[in-house]
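Biologist: I should like to request a close look at a single part of this model. Please explain it in terms that a first-year student can follow.

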Amino acid sequence: MNEPILTSNNVSMTFGGVKAVQNVSLSIERDSITSIIGPNGAGKTTFFNVISGVYKPTGGNVEFDGTDITNLRQHVISHLGMARTFQNIRLFAQLDNVRNVQSALDARADYNIFQAVLGLPKKHRVDKANYVIAMECLDLVGLKDFANDRPSSLPYGMQRKLELARALAADPKLLLLDEPAAGLNPKEVEEFIELIRRIKDIKRLTILLIEHRIKVVTTLSSKVYVLNFGQLLAQGTSEEVQSNPAVIEAYMGEDEEEETVCSK
Amino acid sequence: MTYNETVILNVMINMVAVISMFTLMGLTGIFSMGQASFMCIGAYVAGLLATKTDVPFLFTLIFAVIGGMLFAFVVGIPIMRLRRDYVALITLAFGEAIVAVLNTFSNVTGGAMGINRIPRNINLWIGAGILAIVIYIILNFKDSKFGRQCIAVKNDEISAASMGINVTRIKMTAFILAGGLTALSGAMLAYTTSYIDPNSFGAARSIDWIGIVFIGGINSMSGSIVITLIFSVLSETLRTTSALRTLIQSLIILLIINFVPNGLFGEHEFKDIPKAFRKRMSRLSANARKREKK
């Protein structure tokens with residue numbers, strides 16, 4: 001019935017001798033929120049980079065919405081309907097906020113170079129329409145008042161929202177969020193969870209997120225995958241995963257001393 | 001053509017060339033150390049057509065632009081996939097290679113003797129017309145999806161690609177556009193000086209342009225134009241004392257780097273000046289009011 005929007009079959013990624021991701025197979029259901037968790041260096045971000053096309057996997061294949069995207073380039077995958085944010089926020093510093101969001105629409109804008117350099121009406125029409133959409137996306141994340149500022153003038157939490165708005169402007173079917181709540185204070189995390197819920201309802205999209213905050217994972221996601229040392233350690237609902245002894249061991253280590261690590 | 005006309009035309013030619021460098025380096029972040037070789041190509045296409053065939057003037061300009069674009073396309077295919085630092089090296093090598101080829105390939109190009117007696121078909125009005133068209137084209141380019149994608153690619157390639165921007169393609173677009181415009185400036189040069197030889201199109205010229213774009217403001221075409229004007233005026237008025245000229249130029253560069261590190265115009269264009277001025281005035285008056293309250 002409901003076939004998964006994204007499946008990865010035995011995906012591996014090695015850098016020289018480092019096996020960052022090994023034989024990871026998972027599938028993401030449509031209209032769900034799925035989380036990937038795991039200790040630092042478990043290969044979560046590498047896995048994201050593989051499915052979004054930054055890296056070509058050294059083994060296995062990835063299928064997105066019925067298309068094999070294993071060897072496709074980043075922008076092609078984006079046009080198929082996948083958008084992402086980055087762990088270490090990557091906004092365009094020299095474009096103002098609304099233009100940052102518009103960049104996703106510019107990549108899809110329907111006019112050619114001659115219409116652009118000659119300033120023909122079609123260019124102005126398309127640009128104007130895209131500007132309106134970009135403003136709507138900004139409004140959705142609550143940044144409408146900062147449309148003409150630069151990303152660098154925004155506080156950290158707002159930069160994360162801006163990146164989210166930019167990804168939404170691409171009108172994706174699948175949204176990849178790489179540690180979207182990192183660096184946010186508890187109040188901002190609450191807001192953020194609300195925001196993700198609202199966006200999912202409005203845009204009807206599937207969300208895959210990497211997260212460290214247990215709160216975000218447990219409240220949002222219907223399914224959780226746990227990565228450790230590049231391998232899939234466990235999967236299931238958040239309760240199942242939290243009570244899984246292998247997961248507890250991976251997070252806390254075997255030494256009692258390291259218990260503090262899990263408190264975040 | 002009087003001496004003064006030649007001087008003014010040379011300023012316009014430099015402006016066209018610097019504007020093309022602005023598109024490439026300012027907007028897209030591609031360091032082309034061999035951009036002057038496109039000027040060379042344009043000059044030779046126009047020069048050869050004008051001396052050896054009877055193609056009409058306007059068409060020689062168009063052929064020069066097409067020639068520059070073709071060269072940019074052929075060179076760009078391998079280069080635009082490389083990392084930025086390699087791009088600088090390879091364009092440098094390509095530029096020097098063009099000069100070497102023209103120097104040795106003497107039965108068509110005249111070798112180091114260059115091409116003589118190119119008709120001086122250009123005048124101030126034609127020059128101003130071409131400059132106006134180029135400015136119009138590049139302002140529109142900057143303010144379109146292409147310009148914004150160029151800046152996005154310059155700022156962060158991975159992020160740009162993840163938004164669906166075809167990075168290689170947008171770089172190629174900028175490179176070809178700049179190649180065509182630089183070639184156009186070369187054609188103008190051929191008609192202005194009536195004599196061209198390959199040796200005046202080396203890397204030093206490209207590096208001059210890069211410098212001008214930098215101190216003019218990396219995202220500002222207006223800045224590039226103003227700095228070109230200032231430097232051209234300097235080099236004309238101080239033609240006899242070139243040591244003094246270098247001194248003054250260096251001083252200007254140092255002052256700009258020290259006081260406006262983002263370049264003279266930063267990221268603004270001429271049309272932003274009234275807005276920026278009003279903003280500054282309102283900020284000043286707001287500050288004054290604050291002080292009064294205290």
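Biologist: How many residues lie between E4(A) and E5(A) in the hairpin that they form, and which residue in the turn has a positive phi?

Modeller: This is a predicted model, in which local features need pLDDT of at least 70 and side-chain atom pairs count only at pLDDT 80 or more, while totals for chains, interfaces and linings use all residues. Residues are numbered from 1 along each chain as its sequence is written, and chains are lettered from A and ligands numbered from 1 in the order in which they are written.

The hairpin of E4(A) and E5(A) has two residues between its strands, and A:Asp65 in the turn has a positive phi of about 55 degrees. Strands (E, at least two residues) and helices (H or I, at least four) are DSSP runs, numbered from the N terminus. E4(A) and E5(A), the latter covering residues 67-68, run antiparallel and are joined by two bridges; two strands pair if DSSP finds at least two bridges between them. Within this pairing, A:Thr67 of E5(A) stands opposite A:Phe64.

E4(A), residues 59-64, also pairs with E1(A), residues 6-15: these strands run antiparallel, and five bridges join them. Here A:Gly59 in E4(A) is the bridge partner of A:Ser12.

For the wider setting, 29 residues of chain A are in contact with 23 residues of chain B, contact requiring C-beta atoms, placed from the backbone, to lie within 7 Å. On the side of chain A that touches chain B, the elements giving two or more residues are helices H2 (74-80), H3 (97-106) and H4 (113-117) of chain A. H3(A) gives the most, with five residues.

Definitions and conventions:
Two residues are in contact if their C-beta atoms, placed from the backbone, lie within 7 Å.
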